[in-house]
Number of protein chains: 2
Amino acid sequence: MTQAIPLPRTRELIRELVRAYQAFEQLSNNRIRQHGLTHAQFDVIATLGNTAGMSCKTLSEKTLITKGTLTGVLDRLLEKQLITRTVDANDRRSLFVVLTEQGDALFRQAFPDVAGHISRAFDHMSDSELATASALLHQLRQAMEHSQEP
Amino acid sequence: MTQAIPLPRTRELIRELVRAYQAFEQLSNNRIRQHGLTHAQFDVIATLGNTAGMSCKTLSEKTLITKGTLTGVLDRLLEKQLITRTVDANDRRSLFVVLTEQGDALFRQAFPDVAGHISRAFDHMSDSELATASALLHQLRQAMEHSQEP
DNA sequence: TATTGTTATACTCTATAACTATA
DNA sequence: TATAGTTATAGAGTATAACAATA
């Protein structure tokens with residue numbers, strides 16, 4: 001309950017992280033919608049892409065979409081015939097989700113397009129600058145993931 | 001329409017940015033909800049905090065919430081008596097939004113609490129590390145903001 | 001008993017377009 | 001005509017809790 005007052009440097013970092021992501025969202029959301037997908041749907045497609053499929057549970061963990069919500073998102077992808085959702089023979093409580101051929105085609109089209117659109121923003125950065133930035137974001141993520149609830 | 005294939009380094013950067021923000025959201029969302037606010041409502045309160053107020057238009061630009069959506073968000077904050085929304089005497093098309101005393105109290109309580117909760121993740125980082133990280137995120141944001149639609 | 005996923009509920013955000021009123 | 005904001009519409013995501021089926 002008693003929170004230490006965050007240091008100015010940390011506040012600044014949080015503000016910049018939020019702003020950077022806002023800018024990212026603006027770039028990506030338009031592009032994602034041009035492929036007829038919502039952000040959540042794109043996340044699911046991108047997560048399933050280049051895999052042999054996975055359970056709802058795994059998908060939920062990777063996308064951070066809670067199970068109740070995921071059911072609805074998958075329902076809509078099913079309607080669009082982008083995925084299949086079949087009972088796992090080994091554990092019949094579990095459902096196995098896989099991209100359809102159509103879903104895979106969309107993945108192979110949409111993912112590079114969205115990524116490519118964003119990547120143009122970083123055209124002026126060198127390989128080593130990009131690598132440094134990635135490493136730093138990785139470090140920030142690790143720090144946040146390992147900071148558990150009190 | 002023809003997109004350059006994004007370089008691996010850029011893809012990696014995008015992936016890390018998304019993941020870092022996911023981790024951030026997980027940390028912040030729980031905390032925000034403990035103050036009885038949604039993410040959008042918190043954004044508005046945080047934007048209005050430490051200001052003399054601003055028009056809906058400005059608020060919309062700062063929070064990236066579109067005007068139609070903003071009306072609903074402000075309606076709910078109004079219900080909770082956290083803001084006032086009054087006609088601007090100078091331009092009577094415009095509405096001026098200000099935190100109430102109650103809204104300001106919540107801002108002064110919730111903002112440091114949320115920021116403090118997150119900042120603990122970065123406790124182990126030095127001032128100069130934090131500054132470097134902020135500068136880098138700032139650079140990434142600038143790059144994305146200046147990358148306009150083709 | 002615990003786990004996987006669905007269903008039900010209720011709310012919030014979202015984009016969009018038509019609209020009102022002011023300028 | 002243009003701008004600021006509301007309203008209407010229709011969807012989509014969200015958390016939560018109760019539930020069914022399976023382990």
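In this predicted model, a phosphate oxygen of DNA strand C sits 2.8 Å from an N or O atom in the side chain of Thr66(B). The surface near the strand draws on both chains: helix H3 (56-63) and helix H4 (67-79) of chain A, along with helix H2 (39-48) and helix H4 (67-79) of chain B, are the elements that give it two or more residues. Chain A has its own links to the strand. A polar backbone atom of Lys57(A) lies 2.6 Å from a phosphate oxygen of DNA strand C. With Arg93(A), the partner is a base oxygen instead, found 3.2 Å from an N or O atom in the side chain of Arg93(A).

Stepping back to the whole surface around the strand, 22 residues surround DNA strand C, and the closest are Lys57(A), Thr71(A), Thr38(B), Arg76(B) and Arg93(B). Sorted by class, that surface holds four nonpolar, nine polar and nine charged residues. On the DNA side, what does the protein meet: sugar or phosphate, or bases? Of the strand C atoms within 4 Å of the protein, 73% belong to sugar or phosphate, and bases make up the rest.

Next comes the meeting of the two protein chains. Here 57 residues of chain B are in contact with 57 residues of chain A. Together the chains bury about 5,800 Å², with 69% of that on carbon and sulfur atoms. Charged pairs turn up too: four salt bridges cross the interface of chain B and chain A. One of the salt bridges pairs Asp127(B) with Arg9(A), whose closest N and O atoms are 3.5 Å apart. As for polar contacts, five residue pairs are counted between chain B and chain A, with both residues at pLDDT 80 or more.

Which parts of chain B touch chain A? At least two residues each come from helix H1 (8-34), helix H3 (56-63), helix H5 (101-119) and helix H6 (127-145) of chain B. The biggest share belongs to H1(B), which gives 19 residues to this side. By class, the residues of chain B that touch chain A split into 28 nonpolar, 14 polar and 15 charged.

One last spot is Thr100(B), placed in the loop between strand S3 (95-99) and H5 of chain B. Is Thr100(B) buried or exposed? Thr100(B) counts as buried because its relative accessible area is 16%, under the 20% cut-off. Leaving aside residues up to four places away in sequence, Thr100(B) touches Gln81(B), Leu82(B), Ile83(B) and Thr84(B).

Key: Residues are numbered from 1 along each chain as its sequence is written. Chains are lettered from A and ligands numbered from 1 in the order in which they are written. This is a predicted model: local features need pLDDT of at least 70, side-chain atom pairs count only at pLDDT 80 or more; totals for chains, interfaces and linings use all residues. Side-chain values use heavy atoms; hydrogens and water are left out. A residue is near a molecule or strand if one of its heavy atoms lies within 4 Å of it. A polar contact is a pair of N or O atoms within 3.5 Å; within protein, one must be able to donate a hydrogen and the other to accept it, and residues adjacent in sequence count only if both atoms are side-chain atoms. Helices (H or I, at least four residues) and strands (E, at least two) are DSSP runs, numbered from the N terminus. Ala, Val, Leu, Ile, Met, Phe, Trp, Tyr, Cys and Pro count as nonpolar, Asp, Glu, Lys and Arg as charged, and the others, Gly among them, as polar. Contact means heavy atoms within 4.5 Å. Buried area is the accessible area (1.4 Å probe) that two parts lose on being put together, summed over both. A salt bridge is a side-chain nitrogen of Lys or Arg within 4 Å of a carboxyl oxygen of Asp or Glu. Buried means under 20% relative accessible area, exposed over 50%, partly exposed in between (1.4 Å probe, protein chains only).
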